[in-house]
Amino acid sequence: MLIKKRSDIPSSEITPKHLYLNRRKFLTGVALAGAGTAAAMRLRELGSPSLVTEANAKIDNLQKSPFSTTEKVTPFNDVSNYNNYYEFSTDKYEPAGLSKDFKTSPWTVSIEGLVKKKQTLNVDSIVKLASPEERIYRHRCVEGWSIVVPWVGFPLNVLINKAEPLPKAKFVEFTTIYDPKQMPGQRTSVLQWPYAEGLRMDEAMHPLALLCFGMYGEMLPNQDGAPLRIVVPWKYGFKSAKAIVKIRFSEVQPINTWNRSAPNEYGFYSNVNPNVDHPRWSQARERRLGEFFKRPTLMFNGYADQVASLYNGMDLKKYF
């Protein structure tokens with residue numbers, strides 16, 4: 001079946017065969033991460049629910065989502081220094097440095113397609129769509145490995161409802177920025193640019209699908225998708241498009257970038273499924289970032305109770 005399990009890495013997970021030769025770096029990082037990041041994590045973890053914005057103003061009264069996991073949070077330094085972000089580099093250790101000067105302001109997102117309210121919104125207006133108590137979540141997530149991150153955002157359905165999709169709208173497509181001057185990875189043909197992803201409408205409307213602008217109580221780092229990204233925690237990480245500039249509603253299923261690149265390996269749905277192997281590796285076990293030993297991969301990344309009904313009657317080996 002498709003994609004990577006939460007983290008059964010080879011460090012190739014969503015990397016084409018000819019690009020995943022940096023495996024040694026990953027294994028070294030996994031072995032050392034636990035020792036070097038624990039103290040830093042204590043400084044970044046959410047002791048009080050507040051968000052520091054670019055204007056250094058706090059947004060108070062942030063609350064945990066009812067869907068928040070109680071699992072141990074992955075250290076901030078791990079999440080912000082080991083990234084799948086091909087727009088900057090196929091090497092997972094390079095995006096943090098290469099994205100340091102990436103300009104995220106001003107930034108607008110266009111809402112297009114089968115909606116009543118076509119519009120262009122700036123990030124500040126999007127951030128204000130949800131009330132403060134809706135703006136904090138802690139979820140398991142898959143970025144080619146397993147991580148637990150306190151994302152700051154709100155359900156994607158808040159924005160969708162504001163756009164008022166037409167009855168014919170069955171899918172939502174997300175397009176990310178194309179700016180090869182700032183993103184050196186886009187000067188290569190490793191993928192077809194700009195990066196595009198999509199969800200079926202009922203998936204996009206599920207309260208677990210998030211529109212995120214922060215993590216660990218702060219604005220998103222550039223290497224983690226600033227200024228605005230999607231997080232779909234029951235799917236593999238490449239479904240969670242970063243640096244979004246366009247959201248389009250359509251009647252036809254969009255072709256997502258990784259499915260276009262390798263359709264036999266990466267399907268449209270990309271749900272975490274330990275029961276079906278990727279053509280090049282098993283998905284039955286995963287490794288959490290910062291840990292050495294693997295653990296069993298959970299169906300739908302542990303969110304089966306919440307999302308399994310979305311796929312009733314579907315052959316998950318076929319619709320992977």
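**Helix α5, its core and a five-stranded sheet**

Visitor: Which residue just after α5 takes a positive phi?
Guide: Helices (H or I, at least four residues) and strands (E, at least two) are DSSP runs, numbered from the N terminus. Just after α5, a positive phi of about 55 degrees is found at Glu 164.

Visitor: What pLDDT do local features need in this predicted model?
Guide: Residues are numbered from 1 along each chain as its sequence is written, and side-chain values use heavy atoms, with hydrogens and water left out. In this predicted model, totals for chains, interfaces and linings use all residues, side-chain atom pairs count only at pLDDT 80 or more, and local features need pLDDT of at least 70.

Visitor: How many of the residues of α5 are buried?
Guide: Buried means under 20% relative accessible area, exposed over 50%, and partly exposed in between (1.4 Å probe, protein chains only). The buried residues of α5 include Leu 156, Val 158 and Ala 163. Helix α5 spans residues 156-163 and is mostly covered, the buried count being 6 of 8.

Visitor: Which element gives the most to the largest nonpolar core?
Guide: A nonpolar core is a set of buried Ala, Val, Leu, Ile, Met, Phe, Trp, Tyr and Cys residues joined through side-chain atoms within 4.5 Å. The largest has 50 residues, and Phe 174 and Ile 247 are among those with the most contacts inside it. Elements that each supply at least two residues include β3 (108-113), β8 (171-176) and β13 (244-250). With 5 residues, the top contributor is α5.

Visitor: How many residues are in the other core?
Guide: This core lies apart from the largest one, and Val 73, Tyr 82, Ile 147 and Val 149 are among its members. Its residue count is 17.

Visitor: Is Ile 230 buried or exposed?
Guide: Ile 230 is found in strand β12 (residues 229-231). Leaving aside neighbours within four places in sequence, its contacts (heavy atoms within 4.5 Å) include Leu 156 of α5, as well as Phe 174 and Ile 244. Because its relative accessibility is 0%, Ile 230 counts as buried.

Visitor: Which residue of β13 does Phe 174 stand opposite?
Guide: Strands β8 and β13 run antiparallel and are joined by 6 bridges. Elsewhere along this pairing, Thr 175 has Lys 246 as its bridge partner in β13. The residue opposite Phe 174 is Ile 247.

Visitor: Which residue in β13 is the bridge partner of Glu 112?
Guide: Strands β3 and β13 run parallel, joined by 4 bridges. Glu 112 is also in contact with Ile 247. Its bridge partner in β13, however, is Arg 248.

Visitor: Which strands stand at the edges of the open sheet?
Guide: Two strands pair if DSSP finds at least two bridges between them. The open sheet has 5 strands with mixed pairing, in the order β4-β3-β13-β8-β9. Two of them have a single partner strand each, so one side of each is left without a neighbour in the sheet: β4 (119-122) and β9 (196-200).

Visitor: What percentage of the residues in the protein is buried?
Guide: The protein has 8 helices and 15 strands. Among contacts with a separation of 6 or more, 74% join residues 24 or more positions apart. Of the 320 residues, the buried share is 58%.
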